[in-house]
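I opened my notebook for this one and wrote down what I looked up, in the order I got to it. Here is the chain, so you can follow along.

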Amino acid sequence: MRLLLVEDDRRIASFLEKGLRAEGYVTETAASAREADESLRFVEFDVVLLDLGLPDESGLEVLRRLRSKDRSLPVVVLTARAEVRDKVVGLDLGANDYVTKPFSFEELLARLRAVVRSASQPEASELVVGDLRLDLLTKIAYRDGRPIELAPREWALLELFMRRPRHVLSRARILDQVWQYGFDPGSNVVDVYVGYLRRKLNLPGLVPLIQTVRGAGYRLIAPEAEGDGATA
Ligand code: CA
């Protein structure tokens, strides 16, 4: 994990460098806005820890220039308590989080972990289970590369299954999440729609994907997880 520390206060910088290295961060330090710009131009970082009170310019200017080129590199801003306005501007400019000085090192670590984690999990644009793929942008489903047309409820039902592969979903839970309003729990609408989905998904020669779990509900299986690897 490569971290750029932008901090002009030598004492704080060396304390942080030591602590962050001990936590496994490969840390580079910049002591001014100009040095920060340089480092950002030449090195790939995973996260930036940015002090706002720098000798040559506000850290906000570093952030502004960074965001004009890179929307995704996570940035945690370090602010003094008096800089509430800067904190707000920082978030507006695209800082992912901030820590107020004086801060606890544990809190700082937690914030860094959180922003790195969420940056590495961009909102999925597709869901894939075995040979089944849902393109969430175009709303087209593919089985074994072949497009499958789904009605809106069928889509919602399949998306629910694909977000929880191998989990048994009860009829009540499916009703609640796909139909939302108070359907009669005795209604067989779930079974009817699972039937529709099966007909569309069970292409000749391919493994059936939706299992009935007697007395419990339904689940989507992932063919490659089913065991012997014999599926060609
Ligand atoms: Ca400073």
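**Entry 1: D176.** I started at D176, and I found it in helix α7, which covers residues 171-179. The model I am reading is predicted, so I keep that in mind on every page. Is D176 buried or exposed, or something in between? Its relative accessible area is 49%, so I put D176 down as partly exposed; that class ends at 50%. I then looked across to P55, which is 121 residues away from D176 along the chain. Their C-alpha atoms are separated by 57 Å.

**Entry 2: the whole chain.** That distance made me want the overall picture. I noted eight helices and 11 strands in the chain. How does its radius of gyration stand against the globule rule? I read 25 Å for the chain, while the rule gives 17 Å for 232 residues. The value is well over the rule, so I wrote that the chain is more spread out than a compact globule. Along the principal axes, the C-alpha atoms fill a box of roughly 70 × 45 × 30 Å.

**Entry 3: two domains.** Next I checked the domain assignment, which gives domain 1 as 2-120 and domain 2 as 126-231. How far apart are the C-alpha centres of the two? I noted 44 Å between the centre of domain 1 and that of domain 2.

**Entry 4: burial, contacts and surface.** I looked up burial for the chain, and 41% of its 232 residues count as buried. For contacts with a separation of 6 or more, I found that 55% are between residues 24 or more positions apart. The accessible surface comes to about 13000 Å², and carbon and sulfur atoms hold 50% of that. I also looked at charge: there are 34 positive and 36 negative charges, and their mean positions are 5 Å apart.

**Entry 5: T27.** I wanted a buried residue to look at, and I picked T27 in strand β2, residues 26-30. Its relative accessible area is 9%, and the cut-off for buried is under 20%, so T27 counts as buried. What does T27 touch beyond its neighbours within four places in sequence? I listed L3, L5, E17, L20 and R21 as its contacts.

**Entry 6: the K101-P102 bond.** I went on to the peptide bond between K101 and P102, and it is cis, with omega about -5°. P102 sits in the loop that runs between β5 (97-101) and α5 (105-119).

**Entry 7: around β8.** I then turned to the loop between β7 (132-135) and β8 (140-143), where I found L137. L137 has 70% relative accessibility, so I marked it exposed. From L137 to V77 I counted 60 residues in sequence, and their C-alpha atoms are 33 Å apart.

K139 is in the loop between β7 and β8 as well. Its phi is near 60°, a positive value, and K139 is not a glycine. After β8 comes the loop to β9 (146-148), and D144 is found there. D144 also has a positive phi, near 55°, in a residue other than glycine. Is D144 buried, exposed or partly exposed? I have it as partly exposed, at 42% relative accessibility.

Terms used
Residues numbered from 1 in each chain as written. Predicted model: local features only at pLDDT ≥ 70, side-chain atom pairs only at ≥ 80, totals over all residues. Heavy atoms only, no water. Helix = DSSP H or I, 4+ residues; strand = E, 2+ residues; numbered from the N terminus. Rg over C-alpha atoms; globule rule 2.2 N^0.38 Å. Buried < 20%, exposed > 50% of the residue type's maximum accessible area, 1.4 Å probe, protein only. Contact = heavy atoms within 4.5 Å. Areas by Shrake-Rupley, 256 points an atom, 1.4 Å probe, with all protein chains shown as cover. Lys, Arg positive; Asp, Glu negative; His and termini not counted. Charge placed at Lys NZ, Arg CZ, Asp CG, Glu CD. Domains from an automatic or database assignment.
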